[in-house]
Amino acid sequence: QVQLVESGGALVQPGGSLRLSCAASGNIFSLNLMGWYRQAPGKQRELVAVITSGGGTTYADPVKGRFTISRDGAKNTVHLQMNSLKPEDTAVYYCTADLRLYDQRNYRYWGQGTQVTVSS
């Protein structure tokens, strides 16, 4: 089985910073895309940022210039550095990974979510 374990969520004041991390473990043949989505109360889950195995990145417009996604391929880990946080960034942040198992089939997995609250 595959597990995605997130860490780093917290309560932070507006203008502050947080770093989220997500580690993938299990019988993984290859990790393709990893990234982060978020879901605020009463809203649909939305893309925050993703990064490919080649290092290509995509960011949602609301976070461009403030958030940076990175990955450590050797450790199957993805990070999200969040700066200049705003109250509207408050949400549960979910790690996601598109990966291939040894059965040579592709799957998408999700973490359990980590709460980020931006409030004074």
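**Close-up 1. The side chain of Glu 6 meets the backbone of Cys 95 and Gly 113.** In this predicted model, a polar atom of the Glu 6 side chain lies 2.6 Å from the backbone nitrogen of Cys 95. The backbone nitrogen of Gly 113 also has a polar atom of the Glu 6 side chain 2.6 Å away. To find Glu 6 along the chain, look in strand E1, which covers residues 2-7.

**Close-up 2. Glu 6 is a buried residue without a salt bridge.** Which side chain of opposite charge is nearest to Glu 6? That is Arg 45, at a distance of 7.8 Å. A salt bridge would need a side-chain nitrogen of Arg or Lys within 4 Å of a carboxyl oxygen. Leaving aside residues up to four places away in sequence, Glu 6 touches a set of residues that includes Ser 21, Cys 22 and Trp 36. Also among its contacts are Tyr 93, Tyr 94 and Cys 95, as well as Gly 111, Gln 112, Gly 113 and Thr 114.

**Close-up 3. Arg 45 lies over the faces of Tyr 94 and Trp 110.** Here we turn to Arg 45 itself. Its distance from the ring centre of Tyr 94 is 3.8 Å. For Trp 110, the distance from Arg 45 to the ring centre is 4.7 Å. Tyr 94 may be familiar by now, being one of the residues that Glu 6 touches.

**Close-up 4. Phe 29 and Tyr 102 form one of the 3 aromatic pairs found in the whole structure.** The pair counts as edge-to-face because the ring planes of Phe 29 and Tyr 102 stand at 80 degrees, with the ring centres 5.4 Å apart. Distant parts of the chain are linked here: Phe 29 belongs to strand E4 (residues 28-39), while Tyr 102 sits 73 residues away in the loop between strand E9 (91-101) and strand E10 (106-110). Are these two residues buried or exposed? Phe 29 counts as partly exposed, at 43% relative accessibility, and Tyr 102 counts as exposed, at 53%.

**Close-up 5. Tyr 37 and Trp 110 make an edge-to-face pair.** The centres of these two rings are 5.2 Å apart, and their planes meet at 70 degrees. Tyr 37 comes from strand E4 and Trp 110 from strand E10, so the pair ties together parts of the chain 73 residues apart in sequence. Tyr 37 is buried, with 18% relative accessible area, whereas Trp 110 is partly exposed, at 34%. Trp 110 also has Arg 45 over its face.

Terms used. Residues are numbered from 1 along each chain as its sequence is written. Side-chain values use heavy atoms; hydrogens and water are left out. Helices (H or I, at least four residues) and strands (E, at least two) are DSSP runs, numbered from the N terminus. Buried means under 20% relative accessible area, exposed over 50%, partly exposed in between (1.4 Å probe, protein chains only). Lys and Arg count as positive and Asp and Glu as negative; His and the chain ends are not counted. A polar contact is a pair of N or O atoms within 3.5 Å; within protein, one must be able to donate a hydrogen and the other to accept it, and residues adjacent in sequence count only if both atoms are side-chain atoms. Contact means heavy atoms within 4.5 Å. Rings of Phe, Tyr and Trp (its six-membered ring) pair if their centres lie within 6.5 Å; planes under 30 degrees apart count as stacked, over 60 as edge-to-face and the rest as tilted. A charge sits over a ring if NZ of Lys or CZ of Arg is within 6 Å of the ring centre and within 35 degrees of the ring normal.
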